[in-house]
Amino acid sequence: MNEPARWYHLQGEDQHGPLDLDTMRRLVLHGTVVPDTYVWADGMPDWLPAREVPAVTPPPEVREQLEHWR
């Protein structure tokens with residue numbers, strides 16, 4: 001059985017993680033992870049801004065309610 005991906009995010013030069021995907025999504029909802037926050041998970045070739053990672057990008061109906069994702 002495969003282990004769930006471990007997720008990480010950068011705050012300045014500080015790397016935070018490993019986190020599970022549910023925790024990462026909560027950080028998005030609470031504004032800790034914003035569109036320009038770099039994130040990485042097992043299997044990703046490189047760090048990417050959160051807005052470019054579908055797994056952590058809120059759906060449009062949620063994004064419009066989150067000031068930090070508009």
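**Exercise 1.** Find which residue stands opposite Trp 7 in β3.

*Solution.* Start at Trp 7: its opposite number in β3 is Ala 41. Next, take the strands: β1 (residues 7-11) pairs with β3 in the antiparallel sense, over three bridges. Pairing requires at least two bridges between two strands, as found by DSSP. Strands are DSSP runs of E with at least two residues, and helices are runs of H or I with at least four, each numbered from the N terminus.

This is a predicted model: local features need pLDDT of at least 70, side-chain atom pairs count only at pLDDT 80 or more, and totals for chains, interfaces and linings use all residues. Residues are numbered from 1 along each chain as its sequence is written, and side-chain values use heavy atoms, with hydrogens and water left out.

**Exercise 2.** Follow β3 into β4 and describe the turn.

*Solution.* β3 and strand β4 (residues 48-49) run antiparallel, joined by two bridges. Val 39 has Leu 48 as its bridge partner in β4. Six residues separate the strands of this hairpin. In the turn, Gly 43 has a positive phi of about 95°.

**Exercise 3.** Explain what the salt bridge between Asp 42 and Arg 6 ties together.

*Solution.* A salt bridge puts a side-chain nitrogen of Lys or Arg within 4 Å of a carboxyl oxygen of Asp or Glu. Here the N to O distance is 3.0 Å. Asp 42 sits in the loop between β3 and β4, and Arg 6 in the segment before β1, so the pair links parts 36 residues apart in sequence. Now check accessibility. Asp 42 is partly exposed at 30% relative accessibility; Arg 6 is partly exposed at 45%. The classes are buried under 20% relative accessible area, exposed over 50%, and partly exposed in between (1.4 Å probe, protein chains only).
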